[in-house]
Every structure is written in C-alpha cells, then in structure tokens.
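Colleague: Before I set anything up from this model, could you walk me through how to read its backbone, its metal site and its core?

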Amino acid sequence: MKPDLDAALADLVAANRILAQHGIVDGYGHVSLRAPHKPDHYLLSRAIAPETVTADDIVEFDLDSQPTRRTPELYLERFIHGEIYRVRPEVRAVVHNHAPSLIPFGVAATPLRPVYHMAAFVGQGIPIFEIRDTAGEATDLLIRSPALGRALATSLGDKPAALMRGHGATVVADSLALVVARSIYLELNAKLQLQALTLAGPDGEVRYLSPDEAAAASITLGDYRRSWQLWRATALTEVSTVRS
Ligand code: MN
C-alpha cells in the first residue's frame with residue numbers, strides 16, 4: 001500500500017476504536033473515509049463491530065457502495081456513505097451511529113440546540129431524517145438501498161449531521177478528526193441539553209449559544225486537533241496492550 005493510504009488506514013482504525021471507547025458505537029455503527037488516492041471511492045470496514053476493526057478489515061467501495069474486492073459481509077447501511085460522498089464533495093469522513101442520547105431529539109418536537117462551546121457546530125442546525133417521507137411505514141428504519149441513502153443525503157443537505165428518527169444519526173466532516181469529535185460532542189450536547197431542560201423545568205429558560213457565539217466557537221475549535229491526538233494515542237496504545 002502507498003504510505004498515505006497506510007496512514008489513512010491507521011487513522012480509520014483509530015477512529016473506529018475511539019468511537020467505540022466513547023460509547024458512540026457499540027456492536028453496530030460505522031465510520032468511513034473518502035479514499036485519499038481515489039476521491040470517488042471510500043474506505044469502510046467489512047461488517048464487524050467497530051472496536052474490533054484492524055487495517056485488514058477495511059474495504060474500498062465505489063460511490064454505488066459496491067466493494068472493489070469480494071467481501072462476504074458488508075454493512076447493510078453502507079449506502080449512507082456512498083450517497084453522501086456523491087453529493088458532498090467537501091466531505092471526507094462519515095459516521096453512522098445509534099448513540100442513545102440523540103434518540104429523544106429525533107422523536108420529540110424539541111430540536112437539538114448548541115448548549116456549550118465544544119458542540120458549537122450544532123448551531124448550524126441538525127435536521128431530522130424521517131424515513132416514512134420516502135418509504136412509508138414498511139421499513140425496518142435501516143438505510144438498505146441507494147434510494148434511501150439519497151433521501152438521507154437530501155435531508156442532511158449542507159449540515160454537519162442529521163438525526164434519523166427512531167434510529168440514530170449520521171455525522172459528516174472534512175476530516176476524520178472532525179467527524180469523530182463531532183460525533184462525540186453531538187452526543188454530549190444532547191445529554192447536557194436534556195439536563196438543562198430538566199433543570200429549568202417547563203417554564204424555565206435555557207440560554208443556548210447565540211448564532212454568532214456558535215460560529216465563533218466553531219472557528220476556534222477547528223478540527224479539535226488536541227482531542228484527536230489524545231484519543232488516537234489512547235486508542236492505539238490500548239490496542240497494542242491488548243495484543244502484547
Ligand atoms: Mn443504523
């Protein structure tokens with residue numbers, strides 16, 4: 001493999017483990033990276049639990065989400081990745097998860113809003129994907145087809161994440177570092193928002209970040225480089241400890 005591809009694979013393995021270690025994915029959920037050597041392809045593990053992913057498990061897919069080598073077990077919902085990469089050329093990494101704290105905000109009328117600066121990107125707006133609008137009630141909620149992937153990508157629009165009603169969320173960014181951080185802080189924001197709403201009570205006020213504050217804090221955080229370096233080092237250290 002080329003050196004840049006080897007580095008990308010190592011980062012993608014780390015991303016899988018970081019998301020698992022933070023409870024953003026469990027046995028299910030996945031993270032992909034646009035292929036650095038071929039932008040109309042992407043890299044995604046075969047269908048195994050993210051915490052167990054190694055570089056050998058990672059498969060290259062085209063934007064129709066067809067694998068470039070024969071692979072027996074593929075994630076059913078890989079179309080999430082292909083269809084988003086197709087319509088969002090600046091997106092370089094995608095996470096799909098079922099993080100529990102996000103679920104209430106996908107089913108209740110209260111929208112997610114930015115509670116603290118670490119999740120300032122929430123201020124860009126987090127749409128909710130309603131699968132019934134595309135496929136009625138005859139689904140198991142999974143994005144099992146290119147058509148459902150396209151519908152999700154349309155719902156996502158130009159935003160950093162979309163909640164999926166009764167299912168989970170999909171998060172995007174222009175780097176693995178940023179998509180991992182957004183996934184972690186999106187869930188933390190949901191927890192904190194629910195706490196703030198509970199503490200305030202039905203008539204109390206919750207003061208969210210203003211649009212200007214959210215925009216400024218997003219610029220300051222950038223791609224959360226310091227968090228990524230810490231998480232990546234911890235994830236890979238724990239791997240080598242487990243294997244030695
Ligand atoms: Mn799912």
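Colleague: Where is Ser65 found?

Modeller: In this predicted model, Ser65 sits in the loop between strand 3 and helix 2, and its phi is near 65 degrees, a positive value in a residue other than glycine.

Colleague: Is Ser65 buried or exposed?

Modeller: Burial is judged by relative accessible area, with under 20% as the cut-off; Ser65 has 0% and is therefore buried. Leu141, in the loop between helix 4 (132–135) and helix 5 (146–156), also has a positive phi, near 80 degrees, but with a relative accessible area of 25% Leu141 is partly exposed.

Colleague: Which protein donors does the manganese ion have?

Modeller: One reads such a site from the donor atoms and then from their places in the chain. Here the donors are Glu77 (OE), His96 (NE2), His98 (NE2) and His167 (NE2), lying 2.1 to 2.2 Å from the manganese ion, and their spacing in sequence is E-x18-H-x1-H-x68-H. Glu77, in the loop between strand 3 (58–62) and helix 2 (79–87), and His167, in the loop between strand 6 and strand 7, are 90 residues apart, so that the pair links distant parts of the chain. Both Glu77 and His167 are buried.

Colleague: Which residues touch the most other members of the largest nonpolar core?

Modeller: Among its 51 residues they are Leu112, Leu176, Val180, Tyr185 and Leu186, and the elements supplying at least two residues each include helix 1 (3–21), helix 6 (176–200) and helix 8 (225–243). Apart from this core lies another, of 23 residues, among them Leu44, Leu63, Leu148 and Val172.

Note on methods. Residues are numbered from 1 along each chain as its sequence is written. This is a predicted model: local features need pLDDT of at least 70, side-chain atom pairs count only at pLDDT 80 or more; totals for chains, interfaces and linings use all residues. Side-chain values use heavy atoms; hydrogens and water are left out. A nonpolar core is a set of buried Ala, Val, Leu, Ile, Met, Phe, Trp, Tyr and Cys residues joined through side-chain atoms within 4.5 Å. Buried means under 20% relative accessible area, exposed over 50%, partly exposed in between (1.4 Å probe, protein chains only). Helices (H or I, at least four residues) and strands (E, at least two) are DSSP runs, numbered from the N terminus. Donors are N, O and S atoms within 2.8 Å of the metal (3.2 Å for Na, K and Ca); water is not among the atoms, so sites may look incomplete.
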